[in-house]
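Student: I am new to this structure and should like to go through it step by step. May we look at it together?

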Amino acid sequence: MTETADVVIIGSGIVGSSVAYHLTEQGCTNVLVIEREAHQGKGSTGKSMGGVRAQFSTPVNIQMSRYSIDFFSRFDEVIGHPADYRAHGYLFCATNERHLEYLKANRERQTALGVKNVELVSREDIAKFVPQLRVDDIVGGTFCQTDGFVDPHSVMMGFMLKARERGARLWLGTQVTGIEVEPAITGTADGSPASGGADILPPHRLDPTRRISGVMTSRGFVSTHIVVNAAGPWAAEVARLAGAELPVQPLRRQLVPTEHIDGLPQRFPMVIDMSTGFHFRREGKGILLAWNDPAETPGFKTDFDPGFIEKILTHAASRVPRLAEAEVNPRRAWAGLYEMTPDHHAIIGPAPTVAGLYFVNGFSGHGVMHSPASGRITADLILHGHSDLIDAAQLNVERFAAGRLLEETAVL
Ligand SMILES: Cc1cc2nc3c(=O)[nH]c(=O)nc-3n(C[C@H](O)[C@H](O)[C@H](O)COP(=O)(O)OP(=O)(O)OC[C@H]3O[C@@H](n4cnc5c(N)ncnc54)[C@H](O)[C@@H]3O)c2cc1C
């Protein structure tokens, strides 16, 4: 017998799991999540630093963070599983007036959108958070207490456990090898669903000439009219299975944990040195160091480059001289893939050329923190054709062809 599902989600990382949760939350329970790995979290989700912040520059990112951080703060109660949300804050440190003005303008936008607890902080305030920081060139910054960290693996598991409790199915160790399309049935003039169309496929999504009829997997064919591409850095490949183009590129990102180090506070925020983009946070008894190497080029590179350690330690020691003595075991450092789009914003919404294909991709470093909002928006679009969380049209893939790019400059 052919397997059928109302919605097939490709990828069971934190984003696919959130989509499954939000669909089942809204009563759509015949959902099948397909994951090629034997376990969840083998993609970008398992490599993440777990940072969450509302301190963004564009309204859409601020709105998505606001919804998501509120969700994380209630996650344990709502989902019955821990998110390990720690409101330790994010501290942006500016070393020139241009950066400080930028932070102030962002803060005004954040406040206007309801994030009212972003504080302007002085050099002296900053020194109190981490007394070991070199602050002689710092001119000020911003701090938001409700920014902080979550455990990405735990959030992903929580979303999926709850979705499965409500009837969603998860196929592990199953690769999607093809997406089948057929000629589309056009919508009726009065907007009522076209006969023979999928029950939950909104009629206005039947405009394209082709529509989804199923997916081919290593376990056989699954009949469905709706497919969600939640394939993280592999999203462009998955889109191509349906003949659709998606501007998402993988970009290596490396993280370096130090061994046990004395002399820094046990608890402090994520600290961002805006002069270099170097940032760091506590990780157990050591410090987790992060820096976006501008020399990195797109590609599926997941090996850790030992040469990166010297580069990042140079930035670390310049901002926190104490870190010059930090010991690093290269075997504990790791690399993963960001899923980059040309404007560093996610792509969420229907594919314009294939009815029933939805994208929730290209988070450009923010997929963990925006997973609650992106799951909710995707479920809303599938089930109702719109979302009241944001104006979702801003994030559709057509923006690139139409030249409506969104520019987020606070990329970490
Ligand atoms: C080093 C690093 C640090 C980061 N730090 C942060 C941070 O601090 N905060 C933050 O918000 N974000 C951060 N990110 C980004 C974040 O991790 C990602 O945006 C997020 O995990 C994306 O989740 P996803 O579910 O879309 O993708 P993934 O977790 O990659 O999941 C996609 C899944 O799809 C599966 N798949 C792919 N193709 C197929 C197929 N054909 N058939 C079946 N299954 C398939 C894969 O196996 C994978 O499990 C970081 C990323 C990295 C690499």
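Student: How many bridges join strand β5 to strand β7?

Tutor: This is a predicted model. Strand β5 covers residues 90-94 and strand β7 covers residues 140-144, and the two run antiparallel. One of the pairs sets cysteine 93 against glycine 141 in β7. The number of bridges joining β5 to β7 is 5.

Student: Which strands stand at the edges of the open sheet of 8 strands?

Tutor: The order in this sheet is β6-β7-β5-β15-β16-β17-β14-β18, with mixed pairing. From one strand to the next, the twist averages 25 degrees. Each edge strand has a single partner, so one of its sides is left without a neighbour in the sheet. The strands at the edges are β6 (118-121) and β18.

Student: At about what angle to β6 does helix α3 run?

Tutor: Helix α3 comprises residues 97-112 and lies across β5, β6 and β7. Its angle to β6 is about 155 degrees.

Student: Which element gives the most residues to the shell around the ligand?

Tutor: α1 (14-25), β14 (249-257) and β18 (334-340) each supply at least two residues of this shell. With 4 residues, the element that gives the most is β18.

Student: What percentage of the ligand's accessible area does the protein cover?

Tutor: A backbone N or O atom of valine 15 lies 3.0 Å from an oxygen atom of the ligand, and a side-chain N or O atom of serine 48 lies 3.3 Å from a ligand nitrogen atom. On its own, the ligand has 1000 Å² of accessible area, and the share covered by the protein is 98%.

Key. Residues numbered from 1 in each chain as written. Predicted model: local features only at pLDDT ≥ 70, side-chain atom pairs only at ≥ 80, totals over all residues. Heavy atoms only, no water. Polar contact = N/O pair within 3.5 Å; in protein donor to acceptor, adjacent residues only side chain to side chain. Areas by Shrake-Rupley, 256 points an atom, 1.4 Å probe, with all protein chains shown as cover. Pairing = 2+ DSSP bridges. Axes fitted to C-alpha atoms, helices over the stretch in contact; angles between N-to-C directions. Contact = heavy atoms within 4.5 Å.
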